[in-house]
Amino acid sequence: FQCRAVQMGEQAAFVKHLDAWSATEDIELRRRLEEEYLDAVDEEEPVFQDHLARRRGVYEELGYGSAIESLEVVCEVDVRGLARDAARFVEDTEAEYCDLLAWHLPRLAGVEVGQATAFDLRALRPGPALRREFAARAPIPTFTALLQSSPLDLSADGRLVIERHPELASGARARYCPLKVPGTVILMETRATDAGTHAAALRALGQALHSAHTAPDLPVEFRRFGDPSVRLASGLLFESLLHQPPFLRHAYHLRPDLVAEWRRYAVLLLLVRLRRLAALLQVEIEWAEGAPAEEVRGRGSELLTRAAGVQHDRRGTFALLELPIQSARALRGELLAAVLALSMRERFDEDWYRNPDGCEELRGIFADGLRYTADERSVQLSSAPLGFQPVTEWVTELLR
């Protein structure tokens, strides 16, 4: 595990530099970077496999059956059922996704879909006009200025501290650190002002607010532990403000044509994220159930290529894998975020963040910490179990 930790630290630094360069418009340079990355992770694959095998073994030894069965019992998540639903979602969104990818890839990454690889998805950036609008504003100051009259206390009575750094060691664009929930929560942002940083900062802000507004008298298991998908959903709810025309107009003063352009770009990124998670979850389940490594490499390439619509080299498969509960939690966070976003909009309008009743509702959700699971919260908000229907509805609205 120490070897894995050192290796992951080195890889994080490597990927950080790749992220800085992979958005280059020089396609040949992009290809060389991808090849160097694939060679590196291919050489390190035995470390990835050993790490995953050890973690799989821990769950197998719990005595509930296979690693998957133990994960489902311990984490109270129907991982295999979620994977089946996610596979159907990939099929149901195929036509819309292919249309979006075929339109955006040549214009924003300079390649046709048939020639595109995984690194070309990294190169997807909004058009020049949108880049200028985002670059002109620092994320957190923009949001705090817009929300300063909001009934939602962004400082949480001083418990939420915002720090700005030239860059973050992890290579992340923004992150939150719940040092003591709810007593001390730190939100760290970088000085970057690209569109991705704005999205990451909003996501981190939502999670930080959830932690900082958690009721202090809750037992520690509800303040710090529980279903992490619930807090992730709060972050994704705030990120989804970037999908709402009122927020885009108020925060960035975007013209209607730029609002429409941005929403189509944003739904492409959302679908890339969801479809890749669906593919990774399926591959991780197969690995956890004991599929041979070589078979997993091939399946990873096949499923990721099909889901993302661009070629994924088999050498990169194991560098992306974790135990399936990680992808499952990420997907569940996305599902609950869609439920939250639709509920807040339907009850308190698109500018719910400025509605006193909407903010009071959100404070109540935050105060519960992680008392409820994502499934329970979905039923409370929508009277329906957690599923992909709200996400499909959200995607459909964004494409209108």
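Which residues of the largest nonpolar core touch the most other members? In this predicted model, they are Phe238 and Phe247, within a core of 106 residues. The protein contains 20 helices and three strands, and buried residues account for 53% of its 400 residues. The points below cover overall form, the cores, aromatic and charge–ring contacts, helix 4, a buried glutamine and the backbone.

**Overall form**

- The radius of gyration is 21 Å, which agrees with the value near 21 Å that a compact globule of 400 residues would have.
- Along the principal axes, the C-alpha atoms occupy a box of roughly 55 × 50 × 40 Å.
- The accessible surface amounts to about 17,400 Å², and carbon and sulfur atoms contribute 51% of that surface.
- When contacts between residues at least 6 apart in sequence are considered, 75% of them join residues at least 24 apart.

**Nonpolar cores**

- Phe238 and Phe247 touch the most other members of the 106-residue core, and helix 14 supplies the largest share of this core, with 16 residues.
- A second core, separate from the one above, has 19 residues, including Phe119, Leu280, Ala291 and Ala319.
- Leaving out residues up to four places away in sequence, Phe238 touches Leu152, Leu202, Leu205, Gly206, Leu209, Trp352, Leu362 and Phe366.

**Aromatic pairs and charges over rings**

- The whole structure holds 11 aromatic pairs. One of them is the tilted pair of Trp262 and Tyr265, with 5.4 Å centre to centre and 45 degrees between the planes.
- Trp262 and Tyr265 both belong to helix 14 (residues 256-288), where they are three residues apart, about one turn of the helix. Both Trp262 and Tyr265 are buried.
- Trp287 and Phe318 form an edge-to-face pair, at 5.1 Å centre to centre and 85 degrees between the planes. Because Trp287 lies in helix 14 and Phe318 in helix 16 (residues 317-320), this pair ties together parts that are 31 residues apart in sequence. Trp287 and Phe318 are both buried.
- Trp287 also has a charged partner: the charged end of Arg56 sits over its ring, 4.4 Å from the centre.
- Arg107 similarly lies over the face of Trp103, at 4.1 Å from the ring centre.
- A cluster linked by ring pairs comprises Phe134, Phe143, Phe238, Phe247, Tyr252, Trp262, Tyr265, Trp352 and Tyr353. Phe238 and Phe247, noted above for their contacts within the largest nonpolar core, thus appear in this cluster as well.

**Helix 4 and Ile68**

- Helix 4 (residues 67-75) has Ala67, Ile68, Ser70, Leu71, Glu72 and Cys75 as buried residues. The buried residues of this helix pack against helix 3 (45-60), helix 5 (79-92), helix 14 and helix 17 (324-348).
- Ile68, in helix 4, has a relative accessible area of 0% and is therefore buried.
- Beyond its neighbours within four places in sequence, Ile68 is in contact with Arg80, Ile285, Ala288, Glu289 and Pro324.
- The C-alpha atoms of Ile68 and Ala288 are separated by 6.3 Å, although these residues are 220 residues apart along the chain.
- Just after helix 4, Glu76 adopts a positive phi of about 55 degrees.

**A buried glutamine**

- Is Gln207 buried or exposed? With a relative accessible area of 14%, Gln207 falls under the 20% limit and so counts as buried.
- Gln207 is located in helix 10 (residues 195-212). Apart from residues up to four places away in sequence, it touches Tyr176, Arg231, Leu232, Ser234 and Gly235.

**Backbone geometry**

- Most residues other than glycine have a negative phi, and most peptide bonds are trans.
- The peptide bond that joins Val181 and Pro182 is cis, with omega about 0 degrees. Pro182 lies in the loop between strand 2 (174-180) and strand 3 (184-190).
- Asp157 has a positive phi, near 55 degrees, and is found in the loop between helix 9 (139-147) and strand 1 (160-165). Its relative accessibility of 65% makes Asp157 exposed.
- Asp349 also has a positive phi, near 75 degrees. The loop that holds Asp349 runs between helix 17 and helix 18 (356-367).

Note on methods
Residues are numbered from 1 along each chain as its sequence is written. This is a predicted model: local features need pLDDT of at least 70, side-chain atom pairs count only at pLDDT 80 or more; totals for chains, interfaces and linings use all residues. Side-chain values use heavy atoms; hydrogens and water are left out. Rings of Phe, Tyr and Trp (its six-membered ring) pair if their centres lie within 6.5 Å; planes under 30 degrees apart count as stacked, over 60 as edge-to-face and the rest as tilted. Helices (H or I, at least four residues) and strands (E, at least two) are DSSP runs, numbered from the N terminus. Buried means under 20% relative accessible area, exposed over 50%, partly exposed in between (1.4 Å probe, protein chains only). A charge sits over a ring if NZ of Lys or CZ of Arg is within 6 Å of the ring centre and within 35 degrees of the ring normal. Contact means heavy atoms within 4.5 Å. The radius of gyration is taken over C-alpha atoms; the globule rule is 2.2 Å times the number of residues to the power 0.38. Accessible areas come from the Shrake-Rupley method with a 1.4 Å probe; for residues, only the protein chains shown count as cover. A nonpolar core is a set of buried Ala, Val, Leu, Ile, Met, Phe, Trp, Tyr and Cys residues joined through side-chain atoms within 4.5 Å.
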